[in-house]
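Okay, thanks everyone for coming. I'd like to walk you through one structure today, starting with how some helices pack and then moving on to the backbone and the inside.

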Amino acid sequence: MDESPPQTPSAALLTRSSMAASRVNGLESVYSCGWDVVHACNYRCPYCFFLPSWAVDQAAMDQRHLSCSLEDWVGFWERCFEQLGSFRIEIAGGEPFCHPEIVPLVREISRRHTIRLVTNLSVDVGDILSAFDPARVCFSVSFHPTHSQLEETIAKLCRLRQAGFETVVSIVAYPLYFPSLEGLLAAFTREDLRCFLNPFQGSFQGREYPRSYAAEEAIFLRQNTIPDALEIRMREGAPLGRLCSAGSRYFRIWPDGTIHRCCAATELGLTPLGHIRDQVIPVSLEFAACPADRCFAPNEVACLIER
């Protein structure tokens with residue numbers, strides 16, 4: 001008997017039978033996802049791209065995740081595993097630990113999938129050590145100098161590392177931070193903690209970044225950031241029209257369960273690919289051209305086939 005999920009009349013969708021070969025050793029997969037589990041945050045960093053939305057309707061942003069239950073999410077990720085194999089999931093926000101059920105969500109979903117938590121690590125890491133499996137969960141910690149204490153953050157990272165969790169640190173290269181960036185990077189390096197800079201994307205004192213970095217700032221940033229697709233991330237080139245695997249091997253999920261091709265698709269107001277309550281996971285068989293003139297999420301820039 002054919003156990004494949006029922007097909008929809010929309011674009012070609014990948015099913016368990018058509019992509020069985022994507023599963024290697026039972027868990028590895030070519031699929032990845034960026035999941036904004038919540039759009040609430042306990043910080044208000046001046047460079048956060050959610051600031052305008054919070055200013056318009058913070059209550060709606062803070063409650064967006066209430067649209068879906070723990071059972072909805074666990075069921076969705078179980079269907080993903082059954083139809084496509086194990087995903088590499090990057091959980092971000094907002095701040096993921098603002099979600100009241102983040103611990104049971106990660107604990108249950110990481111049984112089938114591997115998870116990278118993008119967090120400001122403002123929580124008590126003691127609650128994490130016993131809840132998560134370091135073989136299934138790792139941490140990408142964003143350090144925000146105006147909100148976090150350096151020594152406290154380093155101590156938390158060391159505790160995670162000692163417990164076997166993979167960790168990496170990032171700092172937004174906000175113009176006001178430049179005088180202290182070299183010292184911050186050195187402090188993390190002394191503890192053998194990997195740290196890199198992210199280009200600031202936005203306006204500061206009437207100038208648009210990252211295009212407005214001074215020459216010496218741009219050189220320093222290039223020396224201390226992820227080199228992948230740096231032309232795109234520095235806004236020296238546009239992804240528009242370049243072949244991309246977003247929507248095929250990758251998708252982005254909002255807290256309300258809507259599934260989008262990528263961050264840019266939400267900015268452009270493109271029709272969502274589907275919802276987590278759909279029975280068939282909405283990934284296309286074909287790669288498609290990027291519809292946007294900018295791509296700022298490192299995990300999404302990596303989806304570009306044409307660099």
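Before the helices, a word on terms: a helix axis here is a line fitted to C-alpha atoms over the stretch in contact, and the angles run from 0 to 180 degrees between N-to-C directions. Also keep in mind that this is a predicted model.

So, first pair. Take helix H5, residues 150–162, and helix H6, residues 178–190: their axes come within 11 Å and cross at roughly 30°. Angles under 35 degrees count as roughly parallel, so H5 is roughly parallel to H6. As for the hand, H5 passes H6 in a right-handed crossing.

Which residues in H5 and H6 meet? On the H5 side we have Leu150, Ile154 and Leu157, and on the H6 side they meet Leu184, Ala187 and Phe188. By class, that contact has 6 nonpolar residues, with no polar and no charged ones.

Second pair: helix H2, residues 70–84, and helix H3. Here the axes come within 10 Å, and the crossing is at roughly 20°. H2 and H3 are therefore roughly parallel to each other as well, and their crossing is right-handed.

If you want to click through the contact, pick Leu70, Trp73, Val74 and Trp77 in H2; they meet Pro104, Leu105, Glu108 and Ile109 in H3. The class count for this one is 7 nonpolar, no polar and 1 charged.

Now the backbone. As a reminder, most residues other than glycine have a negative phi, and most peptide bonds are trans. With that in mind, have a look at three spots.

Start with the peptide bond from glycine 93 to glycine 94, which is cis, with omega near 15°. Glycine 94 sits in the loop between strand E2, 88–92, and helix H3, 102–109, and H3 is the helix we just had against H2.

Next, the peptide bond from tyrosine 209 to proline 210 is cis too, again with omega near 15°. You'll find proline 210 in the loop between strand E8, 207–209, and helix H7, 215–223.

And then aspartate 192: phi is positive, about 60°, although this residue is not a glycine. Aspartate 192 lies in the loop between H6 and strand E6, 195–199.

Last stop, the inside. How many cavities of 30 Å³ or more does a search of the whole structure find? Just 1, and its volume is about 80 Å³. There are 13 residues lining this cavity, and the closest to its centre are Cys244, Cys262, Cys290, Cys295 and Glu300. By class, the lining splits into 10 nonpolar, no polar and 3 charged residues.

That's my tour. Happy to go back to any of these places on the screen.

Definitions and conventions: Residues numbered from 1 in each chain as written. Predicted model: local features only at pLDDT ≥ 70, side-chain atom pairs only at ≥ 80, totals over all residues. Heavy atoms only, no water. 1 Å grid on protein atoms, 1.4 Å probe; cavity = no way out; pocket = protein on both sides within 12 Å on 5 of 7 lines; lining within 4 Å. Points joined across faces, edges and corners; volume = space filled by probe spheres on them. Nonpolar A, V, L, I, M, F, W, Y, C, P; charged D, E, K, R; others polar. Helix = DSSP H or I, 4+ residues; strand = E, 2+ residues; numbered from the N terminus. Parallel < 35°, antiparallel > 145°, perpendicular 65-115°, else oblique. Left-handed = near helix turned anticlockwise from the far one by under 90°. Contact = heavy atoms within 4.5 Å.
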